[in-house]
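Student: I would like to go through some labels and ask what each one rests on.
Tutor: Go ahead; each answer will set a value against its cut-off.

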Amino acid sequence: MNWNIKTDKTFQNEWNEFKDDHSTEGYTLRYVFEIYLPFWQCKQNIVVEKDLEMDRFSKILLELISNDLSSHTNICQFLGIEENNFCTMQLHFLIRNNLIRESGTDGYEITHEGLEFLKDRKKPKTMETEKFDYMVKERYSFLENDMTNDFFDPLMPIDKQLTGAKKADFSGYKILQTHKNKIKEQGKIYVKHNNNGPTYKKIEGKRNDFSDFFNTLNPSKIFYDFADSEFESHKRSICFLGFWYENKEKQEDRKIDIRQFKESVEKFENYELERELSKKVTEYVLKNDIRVGNEQSKTQENIGATEQSEFKFCPECGTKLKTAAKFCTKCGVKQDIEVIYE
Amino acid sequence: MNSFNGYVPIAEQQDLGKGIVLWECEKDGNSYEVLYIPLDKKYEKILKRILQYEIKPLINRDITGIQKVSDTSLLENGDVLIVYESISDTSKDKPLETMRNIAIGLSELKLKENRQNFVISPKNIKKGKLQFIGLFDFFVKVDLLDKEYLAPNVKEWLEDAKKEKPQPNFQDDIYSLVKSFETELNEEILQKGLATERTKRFNKYSDLIDLLNGICLQYRKNLKVLTKDTPKEEFLQILEEMNKYCELCIELKKGEQEQIAVKFRTENWQGIFYVDDGRKYIARNYVFIPVQKCIQRRNFKTDLNWFEADFSFSLDKDSTFNSLTYFTEKFESINQLALLSKTKEETVEKWKTMPKIEKEFIEENALCIKYEGVKFKGTNAIFSLTSDSNNWETIKEHKKEETLLYAYYVTCDEIVEIKVGKIGEFRPTNKKLFIKDILCKEYEIAEKGELIEDIRQKVNQFKKQLKACQKFSKRIVVNPDICSILATPDNATIPSGKTLTYMDYEAFKEKVFNKNLLTDETQLKAVFEAISYKPIYLIQGPPGTGKTTVIVECIRQIIEREPNAKILVTSQSNLAVDNVLEKLVEISQNEEQNFKFMRLASESEGRDMNVTESIKPHTYEEKLKKWVNETIEENEKIMFSKFNKQENNKVLVDFYKATRNIEDINKFKEKLYKQPNNYIKEKFENSKTMISIRETFENIFGKEYLKLKDIQGEWYAFLNNTNTKNKKSKLNYGIEEIDFLTAMMTEMSIIGATCIHIANSKYEKINFKFDYVIMDESSKASPAETLVPVNMGRNIILIGDHKQLPPVVTREEAVKQKVKDELEDNGLDVEKEFGESLFEKLITAFETDESKQKHIKMLNVQYRMPKQIGSLISKFFYDGKLENPDEEIISDFDENKKHGLKLKKDTSIVFLSTSDRENPNDNGNKFKRENECNMKYIKEILEKLNELYADNLQKNKPFTIGIIAGYRGQVELLRKNIRTEQYSNFVQIDENNNKNYLIEINTVDKFQGAERDIIIYDIVRSDKGQSNIGFLDDYRRINVAFSRVKRLLVVVGDSEYLIKRATLNPGGKFTEFKLQQIAKELQEQGLVFNNFEEIF
């Protein structure tokens, strides 16, 4: 597998700044390039618990009841509505939320909670279904022990090691729609999305992580459950700068640093190192024996490794096929199957 | 026990005490369980509230593990009935599965509607279902809860007279559920389910369901798995996943021998296993998995062929069932389903073609400017257009029209459309286009792409049709059973339901509202069967047979039988919807029956033209306006009667209203000094603080008055914010806030809307579910149009007449050509494929299938035309099945249908031939066919009629004339040359000097659904030699044209050409030349006249 990295002077300043970053470990900077790393944007209906906000009509009814206009007949009479008018659904709502209760044959009385609510001292909890939009990190399928499908907030840095102050100053990632990377430009690296993206079942399996993630992100709400199994996922990318270092002694030993630059974040300040992503990309490059430009593996062993990555399996019958194969040699199934995300 | 509201008690099932009894009942041949609750003033209000807001929203909803509520009913004496669907015996269900199902159902109610607090104990879990949903509060009130199964805190709460202890919640429901199945559960569930402290219990249903799933898994049957080599660690992981969740798809591998292979997929893996060895079909008790073929899962389209494995996989344990038999049977049944599904898919795909191409046509013809670069400068953007851009004239037009442009581009994943803005400037010299005040951000649009005009309004109806087709094909509809009936009427079976007996019919006759129906058996039976034979019923209504009467009676019967039913009255046209609603208004006004109905129509300027005057007060906006005004009026009355003295002090009340929200004393004083009234000034000028001002007001008015006045102010502010444009005021219904439109809709039994409008985005938050969808003029709607409302109905009643005009295939020739090209490739004919309505497709299929014949009825007595014309229409278009009214029933029918002219021959049909007139031929122009000779003759006829009907305007109902021409060109010619105001006896003038012309000239299409006393039909087509009759071969057009008449039909045309020289289209859709046959018949009867003198 080869990456076509353009080595021009576009990133001369960056080169100068970071060329010696790993020199003490015996690595030399060979290339600086733009790299588009894959992420997923997911949308899902979730049920959350939150404070009930006082609405105008509830307030009117609570005021009436607490002012001794507490029978159903009197309330409706005062409002000028019939006793079974659709507006009376609000009284049912107040009962369900324990803000009033029925008393006698025709009356209501305000509960302790209702009184507190009216005085704006305490809010009852309510449930609400909302569409939640969040990001998930791509699973690098070729890596073992990958931290799979972690949730993240694009307004917060991915690197969890940063200090509170750095996190607070972070302006948020520029999330790009992957499909806009259609016209591939020479010298830019586009790391492909895994076909096996996030699904409802997978997210559901990580209910606890999801709950933590949501609750941290939304302090005024508490995640209760997923509302249904409807799930959308879309391919997204973030563009970083990649710094390709090679061991002076052993060319196969590489190290990739992933850093933010002006295309990565909304307000660029400095070339923040993305430790977690650097580690993953380096592993990814090594595992897949990724080489640069026209550079070919010279050893037999390396050729073997390259060949290995040029195979794929038929999704229908599992037959091993060349990557370029358009049809399965065994079952004949067309190989460019449209991938539908659940 | 006597029957209550038609529910006949068969046996007492359960006496719950306090007179509350669960009965097994029957109604219309169906079994129900009916909970009878006697009236008691102590709980009347609470019960009504529960019925309205807890039970009614659950009617006819399928909820896993919960007994379905069918109806609620209030008896005359105030007793209450809650009707449940009878539960079929599912004794095979294991207790744990029952528990899991109930938990799933309750979880759904909690998640979607925040419902909690249910009556849960073994006593009310019957045949796998939980009974008495929504009745918890009532059971508390009448002390009927089974305390043994209540959580300790709920018991404490019940005992607390002040009810200050925390209210029961869903965790207490889980407690009761676990307690009810205590003996079946493991320690983990018991510990978490029955903990005394709530905080230690399950706090989500999903946690309980997960544990129950795990236990249920253990009881599954087992399938032994073999692999070639000793399975590695990796495969064990796959196996573990297979046992968690595994989908299967069976295939028959065709090699030398056939072999059953099953594809499987888990959360992360996919692979294949073989059920037999391929040599012979010998049952073996294991399946073989080639481990090397297991790979990481890719995402696939989910289709019907995949199903979830209901057994577990094991390497060690033997299979507990015969895998070969199992998979063979499964394969066969899935294959049959797949075949049906394929036909259905193909049909729906075909239905989608027309709206798809119509939509594409509009899109293709929309303004499209290609650009190859874009630069943002402040709030503007400059687009560099491609070198071939030359449509500057069009761009100029769009600039003038201030067309909103969208940036459009296609990527590998999707089509992107981003709103950009309006054209500011353009420069043809350097191919630049400026968008001022750009609406999007730079990164949102591609560097290369297209700028297109906003055509959403135009394509909207086609999009709705496409969406309806998609939903239909995925069965995301209110009644999925209807899908296969509509898509594959030849093969699908209709659920048998009940068979109606003679006794039922006789009993029904007693209950008919409109007694006129008793004299028309087909009308009566149509109503009787339409509301009984579910879920689909078709009524064919030839001209003048009383379709609207039948629809109205259907509505009345439904409301009478099912007072909670929701009905949608729909049609392709606004007029047809209003015709029905107008009748309902009439009935309500006569106080025969009261209907809660609402008309939904577009808010656009066109509504004035769309909604009939008498129906306008029933549109949402008008209803809301009226309700707000009445409510305010009522409130004012109450305040006045209660605080007469205070309210009379109007000046001071107004001053209080104007200043009550002021918190700053200086601002108050400012207002005070502006007051012209000295009395007010004196009262407040010495006040130094806002508190003292309040006290002064309190001293004058009293505290109570002021408080209520404040609340009144809030209430008015709330009411004034209820309208549709400004939906600030909301109500709370269940878990969500709803606007007033939605809230009012919950009160309505009947909604009237056209089939396209009902899918308007305005209502997208309302999940329309109707118990009945009644669609008039169904034969004029295309299948895709029909699906829009049909998808929303549990039961469907379609009314139409496939012997009248079919759906308009398309108005665009180019679209037709495109579809034609596409179809001809597949050997299909455009008219045949798209000129057929869903109604026609269904009725044709039902007619030939004995089991479905009871689902159709033709109304066979016509009341519009004189008998002579009725018989002609019947003979030529309805195989003689259409009858005239029986003389014994309407003895003066003929008398009432007389045209009143003294003709030389007693007839209601006159064919005035132009054959002997000068140049009777048409202009031969295919695109604009005109016939000057006919036009002149029609003018003469009008003059004659104007002369003969000298007293027309003196009649109670003056006669009207309709002039129908088969060709648009001729209609234009007639309109240009005939000045209707010339014929004074056909022009009404009201007291305001407004003129109402009683003569109308139009095409057949425009006249469908209408009627006139006199119809003049212009054949137009005439040729010197033999020639093709053109689209007059379509007998349905002739049927519609001739059957609009109430008294006199005048046909104008070249009889010689028609009878002797006109020919049918060779290879056309129609094999019989009906128009020619009619002309011959009229000639034989001596009704063809060559000049006026022969007849007038």
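Student: Why is Glu272(A) called buried?
Tutor: This is a predicted model, and in it Glu272(A) has a relative accessible area of 12%. Buried means under 20%, so Glu272(A) qualifies with its 12%.

Student: What makes Glu272(A) and Lys166(A) a salt bridge?
Tutor: The N to O distance between their side chains is 2.8 Å. The rule asks for a Lys or Arg side-chain nitrogen within 4 Å of a carboxyl oxygen of Asp or Glu, and therefore the pair of Glu272(A) and Lys166(A) at 2.8 Å counts.

Student: Why is this pair said to link distant parts of the chain, and where do the two residues lie?
Tutor: Glu272(A) and Lys166(A) are 106 residues apart. Glu272(A) is in the loop between β10 (254–259) and α9 (275–287) of chain A, and Lys166(A) is in helix α6 (residues 164–169) of that chain.

Student: Which accessibility class does Lys166(A) get?
Tutor: Lys166(A) is partly exposed, since its relative accessible area is 37% and that class lies between the 20% and 50% limits.

Student: What makes Lys928(B) and Glu972(B) a salt bridge?
Tutor: Their closest N and O atoms are 3.7 Å apart. The limit is 4 Å, so the pair of Lys928(B) and Glu972(B) passes. Lys928(B) sits in the loop between β31 (909–913) and α32 (932–948) of chain B, while Glu972(B) belongs to helix α33 (residues 968–977), 44 residues apart.

Student: How do you know whether Lys928(B) and Glu972(B) are buried or exposed?
Tutor: Neither label applies: Lys928(B) has a relative accessible area of 38% and Glu972(B) has 41%. Values between 20% and 50% count as partly exposed, so that is the class of Lys928(B) and of Glu972(B).

Student: Which residues do salt bridges with shared partners join into one network?
Tutor: The network consists of Arg96(A), Glu54(B), Arg61(B), Glu113(B) and Arg115(B). One of the salt bridges here is between the side chains of Glu54(B) and Arg96(A), at 3.8 Å from N to O. That value is within the 4 Å limit, so the label holds for Glu54(B) and Arg96(A).

Student: What makes Glu102(A) and Arg49(B) a salt bridge, and where are they?
Tutor: The N to O distance is 2.5 Å; the cut-off is 4 Å, so Glu102(A) and Arg49(B) meet the rule. The pair crosses between chains, from strand β3 (residues 100–103) of chain A, which holds Glu102(A), to helix α1 (residues 44–55) of chain B, which holds Arg49(B).

Student: Why do Glu102(A) and Arg49(B) get their accessibility labels?
Tutor: Glu102(A) has 23%, above the 20% limit for buried and below 50%, so Glu102(A) is partly exposed. Arg49(B) has 8%, which is under 20%, so Arg49(B) is buried.

Student: How many salt bridges are there across the interface of chain B and chain A, and how many over all chains?
Tutor: The rule finds six across the interface, and the search of the whole structure finds 80 over all chains.

Student: What else describes the interface of chain B and chain A?
Tutor: Chain B has 74 residues in contact with 71 residues of chain A. The area buried between the two chains is about 6,700 Å², with 53% from carbon and sulfur atoms. There are 18 residue pairs in polar contact between chain B and chain A. On the side of chain B that touches chain A, helix α24 (residues 703–719) gives the most, with eight residues. That side divides into 29 nonpolar, 16 polar and 29 charged residues.

Student: Why is Asp879(B) called exposed?
Tutor: Its relative accessible area is 60%. Exposed means over 50%, so Asp879(B) qualifies. Asp879(B) lies in the loop between α30 (867–877) and α31 (893–896) of chain B, and has a positive phi of about 50° although it is not a glycine.

Student: What makes Asn993(B) exposed?
Tutor: Asn993(B) has 59% relative accessibility; the limit is 50%, so Asn993(B) counts as exposed. Asn993(B) is not a glycine, yet has a positive phi of about 70°.

Notes: Residues are numbered from 1 along each chain as its sequence is written. Chains are lettered from A and ligands numbered from 1 in the order in which they are written. Side-chain values use heavy atoms; hydrogens and water are left out. Contact means heavy atoms within 4.5 Å. Buried area is the accessible area (1.4 Å probe) that two parts lose on being put together, summed over both. A polar contact is a pair of N or O atoms within 3.5 Å; within protein, one must be able to donate a hydrogen and the other to accept it, and residues adjacent in sequence count only if both atoms are side-chain atoms. Helices (H or I, at least four residues) and strands (E, at least two) are DSSP runs, numbered from the N terminus. Ala, Val, Leu, Ile, Met, Phe, Trp, Tyr, Cys and Pro count as nonpolar, Asp, Glu, Lys and Arg as charged, and the others, Gly among them, as polar. Buried means under 20% relative accessible area, exposed over 50%, partly exposed in between (1.4 Å probe, protein chains only).
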